[in-house]
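This report concerns salt bridges and helix packing in a single protein model. The sequence and structure are shown first, and the account follows.

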Amino acid sequence: MMRYFFGLVFIVFTLKLQAQVASNYTISFENAVQHEAQVKAEYSNLKSDTVTLSMSRSSPGRYALHEFAKNVYDVKVTNANGDTLTTTRPNPYSWQVTGHNGSINLSYTVFANHGDGTYAQVDETHAHLNMPVVFMYVPELSNQEIEVTFEPREDLNWKIATQLKQQQGNRYYARDLQYFFDSPTILANYKKRSFKVGDQNINLVLHDEEASEAQVDSYFEDLKKIVLEQRKVFGELPAYDYGEYTFLACYMPNATGDGMEHRNSTIVTSTTSLANGGIKDNIGTVAHEFFHCWNVERLRPQSLEPFDFSRANMSGELWFAEGFTSYYDDLSMVRSGVITPEAYIQGLVGTFNYVWTSPGRQFFNPIEMSYQAPFVDAAKSVDETNRENTFISYYSYGSSLGLALDLSLRAEGLNLDDYMKRMWQDFGKTNTFYTIEDLHQTLNTYAGTDFGDAFFSNSIYKSGMPDYEALLKQVGVVLETKDEIGFGAYVRDQVILSNPKMGTSAYSSGFQKGDTLLQLDAIRLDGSVSLNSVLSTFKVGDVIAIRYKRFGKEKKTNLTVQTERTYALSLIPSTDKAFTKKMEQGRGAWLKQSE
């Protein structure tokens, strides 16, 4: 009797769960060779007389508009009886349906041929799916449960990998639209490796048809080191949904290099196989994206919640969310021994020069640079911009600020790890979304009001450059400032290919992108000599006659020789007399090489 009673309860509970699933999808790939996926959907529990079917305009982790509707066609809508329903188009990314009687059946085709962290790719090698690119949604059902059935190409030995919860067989579940759209999926003949941290699984799903098993094993060992090293920063891993975190790695020649974080997984893509140098080349993206499972996925800006799929999403905190993550990706690799301290320091040089020699700091501070994301984060436009002079990537800017803050804290006997841990405990672990003011006040609490106010006033609310020479010296790194003669624009085959940088010879002389340089003083620029080698024969302040071509016409002007500032970084060897015990201790604590 009791068994029968509990059986009835189980049946009722199961039916209740099924009734809550208002969006059911099926996706198949019969015409994969032509980059097409076929999607069918059943929507129920519809309350509105006029129902809107939408394609997303943006994707989690990206901040620009992408208009995914452009690759959707052959749209058909019927009611539960199979009768065709009339649709109208109120805008380019939506369809409206009436006469549905509470449920709608939908079918359509998606063209997908860009395999990266934002888009989708379907071909004879795999189905690489970012969900907003592929699946229409009904806004009024956004908070209700979703199920999707994948129909992999068994003839191609495809298997399914996703952070979605497996229900049964090829059927998977998401609690709502936000979770569904945050759950990229790979269907391919992939290789898999796993290891446990506590009671949670960390998985590597790798689609790389050239990599040997030994190469996968070697790569996985580096991945494990990075995972465990980054855990030390926060003191723990997040509690992953369903006890799993999965790296969805696609290292195929048809992919496009990228990385994109998600709550319990990441998409990392590259054209470089592990067999062709990918073991070293691709691990940096892994390090960056895994740090995001704390910083941005759970330790999350209020400005990105909830993520709005109908518009561009703007945040002023990306210098922290993306930039500090960029600081920690290489730092975790050197701390774990994946790269050497020398390689780490040399890796800082390019970013350092890019940030601190950019004219962009006179226009935008780090918060305002973050606001530019909708215009630069995989965003495309046909008109020219002046980004060379007005923009600094919040990844690079934030990474440089992370370095400055870490070293500044270490000068006070503190460190950035503990600040990040405090942010995690106060905001990430408690699911409390933070603001810029929260970042500021947490630093004040951790390091003191004078310290926190000074850092934010000089480097966040303004664009001041920290005293890197002193900060780096305490860990045995020399910062060298160089002022060398330069032109101020990128030139190849005598053609100027970038907007001249403000304050340089090229800018002051009125050159433009697209100009062709013909002659400098008496020297013809015919490819036999480089522009820089010619300029190096002159002195600062010299005025040189220069001939060039613009819009097919030859012109003349004068160029005043000027210098450009660059920076060099180098480690003081521990055997050098200038290298002190204090520097050794500081470097060891920073790079963890003393452990």
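## A buried salt bridge across the chain

In this predicted model, the side chains of Arg62 and Asp258 form a salt bridge, with an N to O distance of 2.6 Å. Arg62 belongs to the loop that runs between strand S3 (51–54) and strand S4 (72–78), while Asp258 lies in strand S18 (residues 258–261), so the pair ties together parts of the chain that are 196 residues apart in sequence.

Arg62 and Asp258 are both buried. The pair also belongs to a network of salt bridges, in which Arg62, Asp258 and Asp377 are linked.

## A salt bridge between two strands

A salt bridge also joins Glu147 and Arg171, whose closest N and O atoms are 3.0 Å apart. This pair links distant parts of the chain, with Glu147 in strand S10 (residues 145–151) and Arg171 in strand S13 (residues 171–174), 24 residues apart.

The two partners fall into separate accessibility classes. Glu147 has a relative accessible area of 10%, and is therefore buried, since that class covers values under 20%. Arg171, at 27%, is partly exposed, because its relative accessible area lies between the 20% and 50% limits.

## A partly exposed pair and the overall count

Asp308 and Arg311 form a salt bridge as well, the closest N and O atoms here being 3.1 Å apart. Asp308 is partly exposed, with a relative accessible area of 25%. Arg311 is likewise partly exposed, and its relative accessible area is 38%.

The three pairs described above, Arg62 with Asp258, Glu147 with Arg171 and Asp308 with Arg311, are among the salt bridges of the model, for which the count comes to 24.

## Packing of helices H12 and H13

How are helix H12 and helix H13 placed with respect to each other? Helix H12 (residues 394–411) packs with helix H13 (residues 416–428) at an angle of about 110 degrees, and their axes are 8 Å apart. An angle from 65 to 115 degrees counts as roughly perpendicular, and H12 and H13 are therefore roughly perpendicular to each other.

On the H12 side, the contact is made by Gly402, Leu405, Asp406, Leu409 and Arg410. Helix H13 contributes Leu416, Asp417 and Tyr419. Sorted by class, the contact of H12 with H13 holds four nonpolar, one polar and three charged residues. Gly402 of H12 counts as polar in this grouping, because Gly is placed in that class.

Key
Residues are numbered from 1 along each chain as its sequence is written. This is a predicted model: local features need pLDDT of at least 70, side-chain atom pairs count only at pLDDT 80 or more; totals for chains, interfaces and linings use all residues. Side-chain values use heavy atoms; hydrogens and water are left out. A salt bridge is a side-chain nitrogen of Lys or Arg within 4 Å of a carboxyl oxygen of Asp or Glu. Helices (H or I, at least four residues) and strands (E, at least two) are DSSP runs, numbered from the N terminus. Buried means under 20% relative accessible area, exposed over 50%, partly exposed in between (1.4 Å probe, protein chains only). Axes are lines fitted to C-alpha atoms, for helices over the stretch in contact, and angles run from 0 to 180 degrees between N-to-C directions. Angles under 35 degrees count as roughly parallel, over 145 as roughly antiparallel, 65 to 115 as roughly perpendicular and the rest as oblique. Contact means heavy atoms within 4.5 Å.
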